Amino acid sequence: MVPHDLNVDLHMHSSASDGVLAPSDLVARAAANNLEVMALTDHDTLDGLAEATEAAADHGIRFTPGVEISVTWAGETLHLVGLGFDPQAAPLREALREMQRSRHRRAQEMNQALVDAGLPSVLEAALAFAGNPMLVGRTHFARALVAQGVCHHVQEVFDRYLTPNKPGYVPHQWARLSHAMSWIQGAGGTPVLAHPARYRLTETARWALLQEFLSLGGRTIEVSTGSHTQDDTRRYQQIALQWGLRASRGSDFHSPTESRCDVGRAPPLPDGCDPVWAYW
Ligand code: AMP
Ligand code: MN
Ligand code: MN
Ligand code: MN
């Protein structure tokens, strides 16, 4: 079997960040969906990796460590996935600890913004949904507001309160792209620009981002992801080919009830793409 044909999913979340399944339950779901190669890519934490590594070995799934780091670039939040790094690398671990402190501070500001918008205070509930209070994020606030009956589902909370220019959205300064790249590269890993079609960038800014990503040693973008439409996937297939970039594939799975795409069910990479996993 050639690498292109493997069932691969290199982007998903566990309860260590804003997914709902424990790492071992996520791996069991991956096995049930016939996944052959997987990465766990929780936001700004490596906490789920040990449990997932062990579970993947039990299920005969090839596992690679992952993480998804939030970056602020030209005022926009971008996500950089790191794959195949050494999870013990001290500079990466220390950088993620600082990201977590910053996440925790933002949660207080987000709660205040929601209260100012006339909603009940759900800070405690959001922290409880997060499990680890240092990994609290918008999704946990969304789940807490659904539990309070403020909205019917998580997507509605995002649409009404938690996206840019909505009353509960707090602009936040995440990591610099160059720093996040060097944390991943310094730990021996591969940086991947996650779901590139999702960013609100002009064409010129999109070009500048790819230039900067390349100049920092970036070689890989997500082409097939649960966060892309079919048109997005075709567009980034073309961009990957034009720019000579390798392609990644991932579901961005968070939850059986909230996610559009199940584990292992992102569309296969389009023809002509150069799969990043063929290099491992
Ligand atoms: P945070 O890193 O805390 O700002 O939260 C970002 C996470 O919120 C993403 O990884 C998604 O899981 C989720 N998210 C972001 N935007 C949306 C949206 N428009 N609808 C639903 N979920 C979203
Ligand atoms: Mn998420
Ligand atoms: Mn993301
Ligand atoms: Mn993600």
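Glu68 and His79 are both buried in this predicted model, and both take part in holding a metal. The manganese ion (ligand 3) is coordinated by Glu68 through OE, by His79 through ND1 and by His195 through NE2, at 2.1 to 2.2 Å. Read along the chain, the donor residues of this ion follow the spacing E-x10-H-x115-H. Because Glu68 belongs to strand E3 (residues 62-73) and His79 to strand E4 (residues 76-83), the pair ties together parts that are 11 residues apart in sequence. The manganese ion (ligand 3) is separated from the manganese ion (ligand 2) by 5.7 Å.

Glu68 also appears at another site, since its OE is listed among the protein donors of the manganese ion (ligand 4), together with His11 (NE2), His13 (NE2) and Asp252 (OD), lying 2.1 to 2.2 Å from that ion. Here the donor residues are spaced H-x1-H-x54-E-x183-D in sequence. Two of them link distant parts of the chain, for His13 sits in the loop between strand E1 (8-9) and helix H1 (23-32), whereas Asp252 sits in the segment after strand E7 (246-250), 239 residues apart. Both of these residues, His13 and Asp252, are buried. From the manganese ion (ligand 4) to the manganese ion (ligand 2) the separation is 4.6 Å.

Turning from the metal sites to the helices, we can follow helix H5 through two packing contacts. Helix H3 (residues 90-116) packs with helix H5 (residues 138-147) at an angle of about 40 degrees, their axes being 11 Å apart. With that angle, H3 is therefore oblique to H5, and the crossing of the two is right-handed. On the H3 side the contact is made by Arg106, Ala107, Met110, Asn111 and Leu114, and on the H5 side by Arg138, Phe141 and Leu145. Sorted by class, the contact of H3 with H5 has 5 nonpolar, 1 polar and 2 charged residues.

Helix H4 (residues 123-130) packs with H5 as well, at an angle of about 120 degrees and with the axes 8 Å apart. This angle makes H4 oblique to H5, and H4 passes H5 in a right-handed crossing. The residues that meet are Leu123, Ala125, Ala126, Phe129 and Ala130 from H4, and His140, Phe141, Arg143, Ala144 and Ala147 from H5. By class, the contact of H4 with H5 comprises 8 nonpolar residues, 1 polar residue and 1 charged residue. Phe141 of H5 is thus among the residues in contact with H3 and also among those that meet H4.

Terms used: Residues numbered from 1 in each chain as written. Chains lettered and ligands numbered in written order. Predicted model: local features only at pLDDT ≥ 70, side-chain atom pairs only at ≥ 80, totals over all residues. Heavy atoms only, no water. Donors = N, O, S within 2.8 Å, 3.2 Å for Na, K, Ca; no water. Helix = DSSP H or I, 4+ residues; strand = E, 2+ residues; numbered from the N terminus. Buried < 20%, exposed > 50% of the residue type's maximum accessible area, 1.4 Å probe, protein only. Axes fitted to C-alpha atoms, helices over the stretch in contact; angles between N-to-C directions. Parallel < 35°, antiparallel > 145°, perpendicular 65-115°, else oblique. Left-handed = near helix turned anticlockwise from the far one by under 90°. Contact = heavy atoms within 4.5 Å. Nonpolar A, V, L, I, M, F, W, Y, C, P; charged D, E, K, R; others polar.
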